[in-house]
Amino acid sequence: MMMEKITGSEALMLALKAEGVKTIFGYPGGSIMPVYDALYDYTRGQKKAFDHILVRHEQAATHAAEGYARVSGKVGVALVTSGPGATNTLTGVADAMLDSTPIVVIAGQVPIGALGTDAFQEVDLVGVAQPISKWSYQIRHAEDIAWAVSRAFYIARSGRPGPVVLDFPKNAQIELVEFEPQKVNFVRSYVAYPKIDEAVVKQAAELINQAKKPLALVGQGVELGNAQNELIKFLEKADIPAGRTMLGLSALPSTHPLNVGMLGMHGNYAPNIKEQECDVLIAIGMRFSDRVTGNTKTYAKQAKVIHLDIDHSEIDKNVKADVAVIADCKESLPALTALINKGDHREWRDSFKPLQEKELIKVIEPAIHPKEGPLLMGEVVNAVAEATNGDSVLVTDVGQNQLFATRYFKYPKKRSLCTSGGLGTMGYGMPAAIGATFGAPGRTICCFMGDGGFQMCIEELGTIMEQQAPVKMILMNNNYLGNVRQWQDMFWKRRKSFTRMMNPCYELIAQGYGIPYQAVTDRKELKGAVDRMLKTEGPYILECAILEDDDVLPMTPPGMNVDDMMLEIHV
């Protein structure tokens, strides 16, 4: 019996439905119009399967898909047209690649008969996307849709997650095909989940059992592997203090007694200093970013390094490992826990406390509880964190707002952070927060932005207005590109070259989009304003006037040793 033939566009709808897709972030155009015509029926009536969120810029579609994926653990989907629509997504694709975020971008393309003719809005998307994606592929005929979509989602979500780009020529969108769903769960030469080497696990366990000063470095791989509970069991049995990378902040609750803070250039003082003193360093699902290690020539040379990672390419890439356990941490952590002895490292853990106290007195207290002067970013973040009782998701843009927010927010729950780590993409915050509202509809989404990043994605206020997406936007306005200004002050003789911002009236902008707004200039008003924002249903913009030369501390200057961390700035 012959099956009914449908268009390639409707086949795409059925393929996405088979993958469990519920939400699509997109922007229509000429080369994707047949798909959007099919989508019309699948967003309403008896066929309804998807919610389509119309963004105002294609880059925002990818960032929204990222935010959705980060908080939900599912694959985010972006749908765009060819040419500039496709190229506008590439920043988001690169961002997702560096931060291991599973998204699938589907872009229209000119018909295959027109490829190579410089047709209107033709771009070699597969060629351009290949170096910055996990897989990029052109669906040249409708008969390939079921296989290609299933393969795309399998590659995006499996192993170390990442972005996949599907280039969808117009002829394949309108061709007729007998559609039958496919399920791809194997790709030749692609080993998503390496088999664990028990002998290597035993070597790692022996090093941990012999350690006097072990230190764990927890990365986002723990969250990507859904191994938060396995991590806690491992740390508690071994009694090992743990620092977290920025992307790994919510992999271990902030209040856990073995948590010793954030690693990296603007992380906490104690774990950065102690990296240069520990005798065994256990890196779990992290990639030894330069922002964590500082000068790799001097980094942790006294320590034996154990590296747990699912991606073989990360081993020895930046820091040489003495023992490498290549496997999913959901599997490797329990295997390691079974072989380690019950530890007692109280003396070693206690040695962190004087360093923590020093940072508390010199940096943290002045940042979150200032007694006079203009508002500081740290106190704004702290006020929001306290008011939400740690039940919210933190989304940040990039710059000082990101560094203050990640330092002073609280993370009692998993999947509580969306930020652009590896690429450092300004304009990421607002669209990622929109995606997060759909990925975690029951949680409060708090998005911190500086005045620079806010204006890089300001058009997405239209998306927020249309969707009434309940994003609580905290605009920390210091009239500067603050992070660059800080570096100019510290390293470029205070020559503030084009970092001062002339800003619009944000109140009028909020009014134009119909979004509730309040400005705060006095710290006496801060708590009430935060409470009012959180009690207001739907979106809200809270603008805070920040001290112009508010600096992020501590700081390890670029290229310096990780323990050359400064608690104050000497210019």
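The paragraphs below lead through a predicted model of one protein chain, going from its overall build to its pockets and then to a few individual residues.

The protein chain is made up of 24 helices and 20 strands. Its radius of gyration is 24 Å, close to the 25 Å that the globule rule gives for 571 residues, so the chain is as compact as a globular protein of that length. Taken along the principal axes, the C-alpha atoms fill a box of roughly 75 × 65 × 40 Å. Of the 571 residues, 59% count as buried, and the accessible surface of the chain comes to about 23,400 Å², with 52% of that area belonging to carbon and sulfur atoms. When contacts with a sequence separation of 6 or more are considered, 77% of them are accounted for by residues 24 or more positions apart.

A helix from the early part of the numbering, α2 (33-41), shows how buried side chains are shared among neighbouring elements. Within α2, the buried residues are Pro 34, Val 35, Tyr 36, Ala 38 and Leu 39. In a helix of the α type there are 3.6 residues a turn, so residues three or four places apart point the same way. The buried residues of α2 pack against two other helices by name, α1 (8-18) and α8 (170-174), and also against the strands β2 (23-26), β3, β4 (76-80) and β7 (163-169).

Following the chain out of this helix brings the reader to Tyr 42, which is found in the loop between α2 (33-41) and β3 (51-54). Although Tyr 42 sits in a loop, it counts as buried, because its relative accessibility is 5% and the cut-off for burial is under 20%. Once residues up to four places away in sequence are set aside, Tyr 42 touches Glu 10, Met 13 and Leu 14, and also Lys 47, Lys 48, Ala 49 and Phe 50. The C-alpha atom of Tyr 42 is separated by 22 Å from that of Ser 82, a residue 40 positions apart from it along the chain.

A second buried loop residue is Ala 142, which lies between β6 (135-138) and α7 (145-157) and has a relative accessibility of 3%, so that it counts as buried. Leaving aside neighbours within four places in sequence, Ala 142 is in contact with Gly 8, Ala 172, Glu 175 and Val 177. Gln 173 is 31 residues apart from Ala 142 in sequence, and the two C-alpha atoms are 6.6 Å apart in space.

Two other loop residues can be set beside these, each with an unusual backbone angle to inspect. Ser 189, in the loop between β8 (176-178) and α9 (198-210), has a phi near 75 degrees, a positive value in a residue other than glycine. At 77% relative accessibility, Ser 189 counts as exposed. Gln 468, in the loop between α21 (461-467) and β18 (471-477), also has a positive phi, of about 50 degrees, although it is not a glycine. Its relative accessible area of 43% makes Gln 468 partly exposed. A further backbone feature is the cis peptide bond from Leu 553 to Pro 554, with omega near -5 degrees; Pro 554 has its place in the segment after β20 (540-545).

The empty spaces of the model complete the picture. The second largest pocket has a volume of about 690 Å³, and of the 31 residues that line it, the closest to its centre are Ser 254, Asn 259, Val 260, Gly 261 and Asn 268. At least two lining residues each come from β11 (259-262), α12 (269-274), α16 (353-368) and α18 (400-408), and α16 gives the most, with 7 residues. By class, this lining has 15 nonpolar, 9 polar and 7 charged residues.

The structure also holds 1 cavity of 30 Å³ or more, and about 70 Å³ of space lies in the largest cavity. Its lining is formed by Arg 70, Gln 220, Glu 223, Leu 224, Leu 247, Arg 415 and Leu 417, which divide by class into 3 nonpolar, 1 polar and 3 charged residues.

Note on methods:
Residues numbered from 1 in each chain as written. Predicted model: local features only at pLDDT ≥ 70, side-chain atom pairs only at ≥ 80, totals over all residues. Heavy atoms only, no water. 1 Å grid on protein atoms, 1.4 Å probe; cavity = no way out; pocket = protein on both sides within 12 Å on 5 of 7 lines; lining within 4 Å. Points joined across faces, edges and corners; volume = space filled by probe spheres on them. Nonpolar A, V, L, I, M, F, W, Y, C, P; charged D, E, K, R; others polar. Helix = DSSP H or I, 4+ residues; strand = E, 2+ residues; numbered from the N terminus. Buried < 20%, exposed > 50% of the residue type's maximum accessible area, 1.4 Å probe, protein only. Rg over C-alpha atoms; globule rule 2.2 N^0.38 Å. Contact = heavy atoms within 4.5 Å. Areas by Shrake-Rupley, 256 points an atom, 1.4 Å probe, with all protein chains shown as cover.
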